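Morning, everyone. I have one structure to walk through today. Please have it up on your screens.

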Amino acid sequence: MVERHVAVVEPSDNVATVLRDMQAGESIELNVGGETKTIEIAEDIGFGHKFAIEPIPSGETITKYGKSIGNATEDIEPGDRVHVHNVESNYGRGDLAGDDQAKVVSE
């Protein structure tokens, strides 16, 4: 049965967003662009986070909602969690801003 708690918005997306916590080893079916894919979740993934729905080689674009959100910093396999540990974001990372940046924002 196709998983209802996973969002794949555009057929060009190579990641899905989970709408419930998922556990490592869970096998799910997704309908992506009229094609059914079966994917095993590689590690626990919390609500609102992403996982790969196809292989994404290092350097390749991560596509969510039909838009580029960053590039893979390592090879990512289907079912792998996709997050800051394996993606360089197009939007920057506020948690990596230095004290100088924080000072500018607070002034």
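Let's start with a hairpin. Strands β6 and β7 pair in the antiparallel sense, over 4 bridges. β7 covers residues 67-72. One facing pair to click on is Thr63 and Ser68, with Ser68 sitting in β7. Between the two strands of the hairpin there are 2 residues. Look at Tyr65 in that turn: its phi is positive, about 60 degrees.

A word of caution before I go on. This is a predicted model. So everything I quote is computed from predicted coordinates.

Now, which strands sit together with β7 in an open sheet of 3 strands? The order is β6-β7-β9, and the pairing is antiparallel. The edges are β6 and β9, and each of them pairs on one side only. β9 is residues 87-89. From one strand to the next, the twist averages 40 degrees.

Follow β7 across to β9. Those two pair in the antiparallel sense, over 3 bridges. Here, Asn71 stands opposite Glu88, and Glu88 belongs to β9.

One general reminder while you rotate the view. Side chains in a regular strand alternate between the two faces of the sheet.

On to the other sheet I want to show. This open sheet has 4 strands, in the order β1-β2-β5-β8, again with antiparallel pairing. What stands at the edges of this sheet? β1, residues 6-7, and β8, residues 81-82. Each has a single partner strand, so one side of each is left without a neighbour in the sheet.

Zoom in on the β1 end. β1 pairs with β2, residues 15-18, in the antiparallel sense over 2 bridges. Ala7 has Thr17 in β2 as its bridge partner.

Next, charges. As a general point, side chains of opposite charge can pair when their charged atoms come close. How many salt bridges does the structure hold? There are 2.

Take Arg20 and Glu26. Their side chains meet in a salt bridge, with N to O at 2.5 Å. Arg20 is partly exposed, and its relative accessible area is 26%.

Then there is Glu54 with Lys37. In this salt bridge the closest N and O atoms are 3.7 Å apart. The cut-off is 4 Å, so this pair counts. It links distant parts of the chain, with the two residues 17 apart. Glu54 lies in the loop between β5 (50-52) and β6 (61-64), while Lys37 is in strand β4, residues 35-40.

Is Lys37 buried or exposed? Buried: its relative accessibility is 16%. The limit for buried is under 20%, so Lys37 qualifies. Its partner Glu54 is partly exposed, at 31% relative accessible area.

Let me step back to the whole chain. There are 9 strands and 1 helix. From the N terminus on, the order is β-β-β-β-β-β-β-β-β-α. The chain has 107 residues, and 30% of them count as buried.

Two more numbers on the chain. Take contacts between residues at least 6 apart in sequence: 43% of those join residues at least 24 apart. The accessible surface comes to about 6,400 Å², and 46% of that belongs to carbon and sulfur atoms.

If you keep one picture, keep the two sheets: β6-β7-β9 and β1-β2-β5-β8. Then add the link from Glu54 to Lys37. Thanks, that's my slot.

Note on methods. Residues are numbered from 1 along each chain as its sequence is written. This is a predicted model: local features need pLDDT of at least 70, side-chain atom pairs count only at pLDDT 80 or more; totals for chains, interfaces and linings use all residues. Side-chain values use heavy atoms; hydrogens and water are left out. Buried means under 20% relative accessible area, exposed over 50%, partly exposed in between (1.4 Å probe, protein chains only). Two strands pair if DSSP finds at least two bridges between them. Axes are lines fitted to C-alpha atoms, for helices over the stretch in contact, and angles run from 0 to 180 degrees between N-to-C directions. Contact means heavy atoms within 4.5 Å. Accessible areas come from the Shrake-Rupley method with a 1.4 Å probe; for residues, only the protein chains shown count as cover.
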